[in-house]
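Notebook open, coffee poured. I want to go through this one piece by piece and jot down what I look up.

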Protein chains: 2
Amino acid sequence: MKTTDIPDIVIGRLPIYLRSLRRMHQEGRQITSSQELGERLGISAAQIRKDLSQFGGFGKQGTGYNIDFLANQLESILKLDRVWNVAVVGAGGVGRALATYGGFLDRGFQIKLIFDNDPAKIGQQIGKFIIQDSKRMREAIQEAGVKVAMITVPAKAAQEVASELVEAGIKAILNYAPVNLTVPSTVRVQHIDPAVHLQRMAFYLE
Amino acid sequence: MKTTDIPDIVIGRLPIYLRSLRRMHQEGRQITSSQELGERLGISAAQIRKDLSQFGGFGKQGTGYNIDFLANQLESILKLDRVWNVAVVGAGGVGRALATYGGFLDRGFQIKLIFDNDPAKIGQQIGKFIIQDSKRMREAIQEAGVKVAMITVPAKAAQEVASELVEAGIKAILNYAPVNLTVPSTVRVQHIDPAVHLQRMAFYLE
């Protein structure tokens, strides 16, 4: 099966498996099973075996999975055996938290550029970054060959920023603005909106 | 159909519909259709009609949906016709960004409590909150009757915090720590991990 035929929902579970495997590896573990991984993640062992079988066999029947080997394979499938540079647009609270977050590099990403349109913020330092004028965004992203961006601007500005990022060559957008974005089908978008997650859980509250 | 029989994946789409409807309402719009909503969200019109039909009819055939009415109905279904108090555990970059974010109240939530275990942070002010000692967490959450929490502590501390929150009566956890959590089946957990979202998109990069 070509990897392009694999459903996105399967791809979406691989980073979850990877995160859990890396944690087991840190705990000094060497071998795991689909049963154990499933129990940790609340996913059935059958689902995990089926997902992994789409990419070929990673374990021998009855001997389980070698944790480090499987994690490395998943990283290779997900194209995380390199480091992707990331641009952040919006230097408010979320942008600042992302720019100073230490957890990206181990997982395949590093922030390289941060932009804002507020003259009071442009030129300021966040962590090791200088906030750049968003007027320079397109040029700077193209120069650096960055393909991944995070949008942390207010909702009303997010679509315009997204369209500019697409013109600059961005192919993957993580959108923190609480609004849907319209982009060409060649560009991937994922949304993080804490209120949406909270609302989904509220349904079950009493 | 009892609402408890409705698949969680359907419940998960309702906040997305709601967000889009509220935006249309802000734009001064009064009537929409499953076609228009679907185009905005990249979801098929048939899926939207099927999802909404699980809760009864919200529009007359051929006349579309009244935006404000449908949004109010979705808020009622999702139990957002009240305000849920929220506790934040962890006053690092993410906790601070959440505590000062102005977008929760309109969507059914307000942060009431924020905790940390770092003596240098306890007693400090973030926005309108004083950071409280996490030793007081259980007591303070029970006193305030809070049912919803957000975890923004480092990965290694997250499970212990989650277990304490469950003991304190928390029923819904939004977990920002990059680690899976084990909680009783009576407690809902949602995860926000930007690296997981980025990794899922990296698969499609070239």
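Cut-off first: I call a residue buried when its relative accessible area is under 20%, exposed when that is over 50%, and partly exposed in between. On that scale R107(B) is buried, because its relative accessible area is 14%. Note to self: this is a predicted model.

**Entry 1: R107(B)**

I looked up where R107(B) sits, and found it in the loop between α5 (93–100) and β5 (109–116) of chain B. Next I listed its contacts, skipping neighbours within four places in sequence. From chain A I get P178(A), D193(A), A195(A), V196(A) and Q199(A). From chain B I get R19(B), L80(B) and Y101(B).

**Entry 2: chain A overall**

I counted eight helices and eleven strands in chain A. The C-alpha trace spans about 60 × 45 × 35 Å along its principal axes. Of the 206 residues in chain A, 49% are buried. For contacts with a separation of 6 or more, I find that 55% come from residues 24 or more positions apart. The chain exposes about 9,700 Å², with carbon and sulfur atoms supplying 49% of that. I also checked the charges: 25 positive and 20 negative, with their mean positions 4 Å apart.

**Entry 3: helix α1 of chain A**

Does the length of α1(A) agree or disagree with its residue count? Helix α1 covers residues 8–26, and at 1.5 Å a residue those 19 residues should span 27 Å. The end C-alpha atoms are 28 Å apart, so I call it agreement.

Then burial. The buried residues in α1(A) include V10(A), I11(A), L14(A), L18(A), L21(A) and M24(A). G12(A), R13(A), P15(A), Y17(A), R19(A) and S20(A) are buried too. As a reminder, an α-helix has 3.6 residues a turn, so residues three or four places apart point the same way.

What covers the buried residues of α1(A)? From chain A, the cover includes β1 (31–32), α2 (34–41), α3 (45–53) and α4 (67–77). Chain B adds β11 (188–191) and α8 (194–202). Just after the helix, I noted that G28(A) takes a positive phi of about 90°.

**Entry 4: the nonpolar core**

I pulled up the largest nonpolar core, which has 94 residues. Which residues have the most contacts inside it? I get L74(A), M150(A), L74(B) and M150(B). The general background I keep in mind is that nonpolar side chains tend to be buried together in soluble globular proteins.

I followed M150(A) further, leaving aside neighbours within four places in sequence. Its chain A contacts are V86(A), A87(A), V88(A), V89(A), L98(A), F104(A), I111(A), L174(A) and Y176(A). From chain B, L198(B) is in contact with M150(A) as well.

Over in chain B, I looked up L98(B), which is in helix α5. At 6% relative accessible area, L98(B) is buried. Its contacts, again without neighbours within four places, are P194(A), F104(B), I111(B), M150(B), T152(B) and Y176(B). I also took a distance to A195(B): 97 residues away in sequence, 18 Å in space, C-alpha to C-alpha.

**Entry 5: K79 in both chains, and A202(A)**

K79(A) caught my eye: its phi is near 60°, a positive value in a residue other than glycine. K79(A) is in the loop between α4 and β4 (84–89) of chain A. It counts as partly exposed, because its relative accessibility is 21%.

K79(B) also has a positive phi of about 60° and is not a glycine. I place K79(B) in the loop between α4 (67–77) and β4 (84–89) of chain B. With a relative accessible area of 22%, K79(B) is partly exposed.

K79(B) turned up again when I checked A202(A), a residue of helix α8 (residues 194–202) of chain A. Beyond residues up to four places away in sequence, A202(A) touches K79(B) along with L78(B), L80(B), W84(B) and F109(B). A202(A) is buried at 1% relative accessible area.

**Entry 6: two exposed residues of chain B**

E39(B) lies in helix α2 (residues 34–41). Its relative accessibility is 67%, so I count it as exposed. From E39(B) to A99(B) I get 33 Å between C-alpha atoms, for 60 residues of sequence.

T182(B) is in the loop between β10 (172–175) and β11 of chain B. T182(B) is exposed, with a relative accessible area of 56%. T182(B) and R13(B) are 169 residues apart in sequence, with their C-alpha atoms 24 Å apart.

Definitions and conventions
Residues numbered from 1 in each chain as written. Chains lettered and ligands numbered in written order. Predicted model: local features only at pLDDT ≥ 70, side-chain atom pairs only at ≥ 80, totals over all residues. Heavy atoms only, no water. Helix = DSSP H or I, 4+ residues; strand = E, 2+ residues; numbered from the N terminus. Expected span 1.5 Å × (residues − 1). Buried < 20%, exposed > 50% of the residue type's maximum accessible area, 1.4 Å probe, protein only. Contact = heavy atoms within 4.5 Å. Areas by Shrake-Rupley, 256 points an atom, 1.4 Å probe, with all protein chains shown as cover. Lys, Arg positive; Asp, Glu negative; His and termini not counted. Charge placed at Lys NZ, Arg CZ, Asp CG, Glu CD. Core = buried A, V, L, I, M, F, W, Y, C linked by side-chain atoms within 4.5 Å.
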